[in-house]
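Thank you all for coming; I would like to walk through a few local features of one model this morning. Please have the sequence and the structure open while I talk.

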Amino acid sequence: MSIYTNSILVATLITILLSFVLFVPWLIYTYRKYNFLSLSKTIIMFSFIFYFLAALCLVLLPFPETRDTCSLQSADTVHYNLRPFQFIADIMKDSGIVLTSPATWLYLTKQPAFFQAFFNFLLLMPFGVYLRYFLRNRKYWKRAFMFSFLLTLFYETTQVTGIYGIFNCAYRIFDVDDLMLNSVGALFGFLLAPIVWALFPTQEAVEAKAAEVEKKDIVKPLSILLALVLDVCMAQIIWLIVGAVFSTSDIFEFIVKIVLYTLIFGVVPSVTRGATIGMRVMRFMMTSSDNTKDIVVQSWRRCVAIIATFTIFEIIHILSQIKLDMDSPFYVLQIVLTIVTFITAFSLRLVITVHVVRVIVSGGKRRLYIDEYADLVATRKK
């Protein structure tokens with residue numbers, strides 16, 4: 001049993017790590033498509049990742065201690081079973097079970113071969129449940145069965161090839177019974193899936209909500225925030241490239257970033273009439289709140305607010321880097337300056353964090369301070 005729990009623990013850890021990497025791309029995808037975060041789809045997506053990793057770990061782990069697995073096996077080791085229903089013979093062998101005597105059926109619980117077959121049946125049952133969600137209709141059960149068979153064939157092939165040559169001999173056998181049990185288990189899950197998916201909104205319900213949001217021209221604050229993050233990340237990537245090519249200093253970095261922010265948040269929206277590259281990715285643009293003000297002017301006001309925020313943090317950072325010798329008559333002033341800059345930076349970050357959280361929680365009733373200053377609102381109407 002520890003083999004199973006250890007494999008699931010490994011899958012859990014990998015899923016947690018992947019979640020950190022995939023969550024922002026997932027947010028971008030779901031806000032591009034629906035303009036809101038569908039909690040049900042998020043649960044389904046990340047639970048599917050966990051399930052797939054857990055199944056893979058259960059199939060492959062634990063790895064042998066050496067790649068030379070041939071040295072651990074006798075020369076006549078058989079790496080495959082092509083006899084269907086061999087698991088039934090394995091269960092009945094020396095079990096004391098008599099099919100005509102129900103009282104002896106309890107001996108099944110003492111047979112390792114039974115539990116191995118039962119777990120193989122269960123292994124792909126969740127896969128069938130997920131397939132029902134993706135395929136939606138029961139009439140596609142043949143397609144679901146084929147997908148399940150191909151997946152279990154991939155597992156069995158991976159095992160018998162020693163993970164495609166990583167190990168010089170198979171450390172688990174290719175079993176035709178596993179192909180049957182896995183595939184039938186997935187089909188069983190496909191047929192029972194409506195019991196599970198009744199707890200979640202249907203795909204049609206999610207799409208209907210997305211259509212309503214689009215009709216009302218609602219752009220969620222998180223979409224605006226994600227667009228801002230994309231733009232800032234693009235500036236940072238360009239800076240990293242520039243910094244790798246040229247010798248740099250803090251002043252040079254400051255000047256380059258000011259230029260990049262001016263281009264991204266000032267020039268680009270002026271050309272596109274209200275949209276940065278990040279906004280284009282998120283499929284919205286900015287317009288004045290009352291449609292009477294020049295969008296170019298308002299975009300530059302937003303650019304000024306962003307650059308001012310960046311400049312304040314850069315000045316605080318530069319002041320905090322001032323170092324004086326202890327013998328200097330201004331050493332006490334440096335200590336005071338260090339404390340003041342730390343408190344100021346912490347306070348500003350806290351204020352901005354609270355502000356951003358309030359904007360997100362408001363669901364669109366509040367605007368980011370940079371948009372409030374520029375009197376801009378987000379829209380999907382071109």
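How many cavities of 30 Å³ or more does the structure hold? In this model, which I should say at once is a predicted one, there is one cavity of 30 Å³ or more, and the volume of the largest cavity comes to about 40 Å³. If you would like to find its walls on the screen, the lining of the largest cavity is made up of Phe265, Pro269, Gly274, Thr276, Met279, Met286, Ser299, Arg302 and Leu376. Two elements, helix H11 (250-272) and helix H13 (295-320), are the ones that give two or more residues to that lining.

From helix H11 we can move on to Arg273, which sits in the loop between H11 and helix H12 (277-282). Although Arg273 is not a glycine, its phi is positive, at about 60°. As for its surroundings, Arg273 counts as partly exposed because its relative accessibility is 45%, and partly exposed covers the range between under 20% for buried and over 50% for exposed.

A second arginine deserves a look alongside that one, namely Arg136, whose place is the loop between helix H5 (125-135) and helix H6 (141-160). Here again we have a residue other than glycine with a positive phi, in this case near 75°. The relative accessibility of Arg136 is 43%, and so Arg136 counts as partly exposed.

Staying with the backbone for a moment, which peptide bond is cis, with omega near 0°? That is the bond from Leu61 to Pro62, and you will find Pro62 in the loop between helix H2 (39-60) and strand S1 (80-81).

Let me finish with Arg380, in the segment after strand S4 (376-379). Is this side chain buried or exposed? Arg380 is buried, and yet it has no salt bridge; the nearest side chain of opposite charge is that of Asp217, at 5.7 Å, whereas a salt bridge as counted here requires a side-chain nitrogen of Lys or Arg within 4 Å of a carboxyl oxygen of Asp or Glu. What the side chain of Arg380 does reach is the backbone oxygen of Arg283, at 2.5 Å. Setting aside neighbours within four places in sequence, Arg380 is in contact with Tyr31, Asn35, Asp217, Ile218, Val219, Ser223, Met282, Arg283 and Phe284, so both Asp217 and Arg283 appear among its contacts, with contact meaning heavy atoms within 4.5 Å.

Notes. Residues numbered from 1 in each chain as written. Predicted model: local features only at pLDDT ≥ 70, side-chain atom pairs only at ≥ 80, totals over all residues. Heavy atoms only, no water. Helix = DSSP H or I, 4+ residues; strand = E, 2+ residues; numbered from the N terminus. Buried < 20%, exposed > 50% of the residue type's maximum accessible area, 1.4 Å probe, protein only. Lys, Arg positive; Asp, Glu negative; His and termini not counted. Polar contact = N/O pair within 3.5 Å; in protein donor to acceptor, adjacent residues only side chain to side chain. 1 Å grid on protein atoms, 1.4 Å probe; cavity = no way out; pocket = protein on both sides within 12 Å on 5 of 7 lines; lining within 4 Å. Points joined across faces, edges and corners; volume = space filled by probe spheres on them.
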